[in-house]
Structures are given as C-alpha cells and as structure tokens.
Amino acid sequence: MAILHSNKKNDQHNFTNKENYDTPLFGTKEMDLTLPKKTLAQASISPQVAYRLIADELMDEGNARLNLATFCQTFMEPEAIQLMTESLEKNAIDKSEYPQTTELENRCVSIIADLWHVQAGENYQGTSTVGSSEACMLGGMAMKFRWRTLAQQRGLDINKQKPNLIISAGYQVCWEKFCVYWDIEMRTIPLSPTQLSLDIELAMAAVDEYTIGIVGILGITYTGKFDDIATLNERVTAYNKVHEHQLVIHIDGASGGLYTPFVDPELMWDFRLENVVSINTSGHKYGLVYPGVGWIIWRDEHYLPDELVFSVSYLGGDLPTMAINFSHSASHLIGQYYNFLRFGYNGYRAIHERTRDVAQYLAQAMAETGLFDIYNDATNIPIVCWRMKAETEKRWDLYDLADRLLIHGWQIPAYPLPANLEDIIIQRMVIRSDLSMDMAELLVRDIHQAMKELDKAHYLVSGSQIKHTKPSGFTH
Ligand SMILES: Cc1ncc(COP(=O)(O)O)c(C=O)c1O
C-alpha cells in the first residue's frame, strides 16, 4: 500500500495535481493513498477529493441521529443550517463589527430570562457561552467572588479554610473542573438507591460560613432526575433568616432549562424562587441548536461581581462581556435565535411534548419486557434509563445489550451510577426531537431482536461467560 505522505520531498506518492476534471473521483491517484497523519504533504489536492477522503474517514462513526447517548442536537432545519453556514465567519466577540449579531444574542438572553421568570424590578444579566460547561464555570465564579466580598465584610478569616460548594454526587464533570481550577472544596452529597437526587437534609447539614452556594440540578446527567429545588429554596430561606451568611442557589439546568418551561411550566425551579440567583442551560440540548451554545442568566446585576465583567467596544461605546471564551463563531447563537423566532412558545412545546410521548412509549416498552427496573420513565424529561432486575437470570448484561444494539447502529450506553452506587449498572437513552414514533418502533424491534440473539449467544463480552475486569462503556 502506498502512503500519501512521506518526509522525502520528491516522494512519488505525494499528490501531483495532474488529474483533470474528467478523471472520476475514485479513479484519482489520491484514492490509492493513505492520508498524512503527522506532517503536511508537499502538494495540494483538489477540494472534491479532500472532501471525499475526510467525509469517508468519518463514516465509521455511525449515524449521529441513532446516537442516543448524547443530549446534543442532531437535527436542525435547512433554513437554520443555511443561516448558520452563512454566519460561520462572524466572530461573536466582535461586538462593534457585528452589532446586529450582538443584538440577536441580547434578544436570546431576554427571551430566556423571561422563560425563567426574572422578576420585575431586578436587572437581569446574561450571556451566551460555548455550552453549559463554560456557563457553570461563570456561575461558580460569580458565587465565589460574591461570597469572598461578603465574607470579608463580615470579618470572616477567608484564608482559614477553603471555600466550598455543595452539590449532589450526580454532578457533571464541569463542576469538578470548576472546583479544581478555583481551589474550592466540592462537598458532594451522596446519592442512594432510595435518593437519586440531592438529599436536601444532608445538603443543608453540609453548609457552613465558607459555603459559596448550593447547586441544584435540573436533570442529573446519569438518570435525568431533577433535584427538588422548591424544597431546597425553602430550606435556604429558613437558613438565611437566622444567619448573617446569606446562602444562594445556582441551578444547573443544562438539560431541563429549555425543556421544563414548555412542558411543565408550573414546576417551581427558576427565578420565581428567591434564592435562585443564577441558572445555566445548554442551547444545544433542548434549546434544539447544534453544539455548541450555552447560556447563563443572573437574576440581578447584584449577583454578578464587577470583577467578572469586562468591557468590549461596541458602536463607539462599551458593552459589558462576561464570557470566558473570546473568539468563536456567532453562528450558533444565530441558530438559537432562528429557533426562538421560528418555533415560538407553542412550537417548542409541541416538539418537546412529542419527544416526551416517544420517550414514554420507549420506557413502557422496556418495562414490558419484564427484565428491567425503570429508573426514569421520561415523566420529567425525555430520558429513559433502566437497570436489570436483580432476579433476572440472564447470562448477558446491559453492556452486552449495548454492544448488540451497536450492530443495528444504535448507540445506547451502559454505565455505572456515580459514587456510592457504582455497583448499579444502568442503560440510558436520551430522546431528542428527531426521533419519531416510527423510528422508536424500529428501535423497540431492534432491542427485542438483540435480546433474542443474546439469549442464544455462545459468546458474550460482558455476561457470565467472560467477566469484565473493569466496566467498559460510557463515562460522564
Ligand atoms: C447537568 C449537566 N451540567 C453540565 C453539562 C455540560 O454541558 P455542555 O456539554 O453543554 O458543556 C451537562 C452535559 O451533559 C449536564 O448534563
């Protein structure tokens, strides 16, 4: 086999540009070569050939729409894609060069703030981010800086111990990063088989003068469970009444933040609760935009310390900016505005309710097999997850089922629950807007087929025949 790349300048296998337009694509010399991996080839190649070679390399990653591991959107309308393609070159941070893009971002911030019930008389602040990870980092930093100023005013020795953040053990890794980067003690509240979201009693018991805030999660990554934020808020109000140290709550609404306002608008989790000071979400999850766009809103400027606000020139004036990332394409925030304009409230609700119907159908189909305990049946968010019933006498396990479904193109990962529950292996499907009921029916057919094949299998990767030394699969 020839290789396309060589360190020798005159290597005969370097591209030659000699073919002309009537050479069929798969008749070109380049199709006989492998691609450069470590250093550049000498010659250029045609755009058609370059496109084909790379597109073909990416083919074995499967079909993203059958990837039910990801929360990230895998479908947008052609008009949205066109708009996003046309604005790829715009730098979101160049506020003065692209003032209308800035205006669209500000409109998105206002629309989201309204969906999250910012209160009259408060001056909300917000920004787009690359995703929830950046938004969580900002929310955490704002809590830390605010805590430090107030603690100093109270005369607390802020160097005596590290500040701490309280969160359930079902946190997403971005919070661990936040705590490492900012030297914060992460006080994780354990989950248990009967308590799969934040245990509020334990969380409150972990609070001290050095607590910068508590994070409530609207959609725990592992299971989709919601923390009981209304009760948490009540307990924080009671704490604040008798302490000079005023506790605040940040909501990590990465997945629920742009789902719940449409499907369960009565649920109290947002700025209607007085101690919720900031909320983040991923526009690329149930905001229905391709990755990556995220959002964070503070209910009032009061909760966004000045140190985090920088000035960028805008139409001859100055505009505050608080995002961490500087240059990145504006196309995703333009895509977010497209969705808001195009779908409106009713459109989002229709899409999300239909997605929930499909997820509930799948949850029921899994329950009807009689083999699984359902951990989330998509009542709160379109996530379905299950474990194998303890009494099930199958030789295969959920890792085998995940492997088998891959043969049909479906990516439905199996993985252990977080600390304290690592012995429980679950399997999770994230249902998104582009999975129709018809596709769901095909999925159920494929699951039944996979289970039948596993029942007859002579070779199992993970079940009783060959034991895992270490669980394979998905990590969060
Ligand atoms: C609860 C939670 N927080 C934060 C994140 C990180 O979000 P992003 O991928 O948008 O950075 C996720 C991602 O799944 C999540 O589920």
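**Ligand site and backbone features**

Thirteen residues surround the ligand, and Ser133, Asp252, Ser282, His284 and Lys285 come nearest; a residue is near if one of its heavy atoms lies within 4 Å. This is a predicted model: local features need pLDDT of at least 70, side-chain atom pairs count only at pLDDT 80 or more, and totals for chains, interfaces and linings use all residues. Residues are numbered from 1 along each chain as its sequence is written, and side-chain values use heavy atoms, with hydrogens and water left out.

**Ligand contacts**
- The side chain of serine 133 places an N or O atom 2.5 Å from an oxygen atom of the ligand; a polar contact is a pair of N or O atoms within 3.5 Å.
- For histidine 284, a polar side-chain atom is 2.7 Å from a ligand oxygen.
- For lysine 285, the distance from a side-chain N or O atom to a ligand oxygen is 3.0 Å.
- On its own the ligand has 390 Å² of accessible area, and the protein covers 88% of it (Shrake-Rupley method, 1.4 Å probe).

**Shell make-up**
- The shell residues divide into three nonpolar, eight polar and two charged.
- Asp, Glu, Lys and Arg count as charged; Ala, Val, Leu, Ile, Met, Phe, Trp, Tyr, Cys and Pro count as nonpolar; the others, Gly among them, count as polar.

**Backbone**
- Most residues other than glycine have a negative phi, and most peptide bonds are trans.
- Proline 291 and glycine 292 are joined by a cis peptide bond, with omega about 10 degrees.
- Histidine 117, not a glycine, has a positive phi of about 60 degrees.

**Domains**
- The domain assignment (automatic or from a database) gives domain 1 (17–61), domain 2 (82–340) and domain 3 (355–467).
- The C-alpha centres of domain 1 and domain 3 are 40 Å apart.

Definitions and conventions:
Polar contact = N/O pair within 3.5 Å; in protein donor to acceptor, adjacent residues only side chain to side chain.
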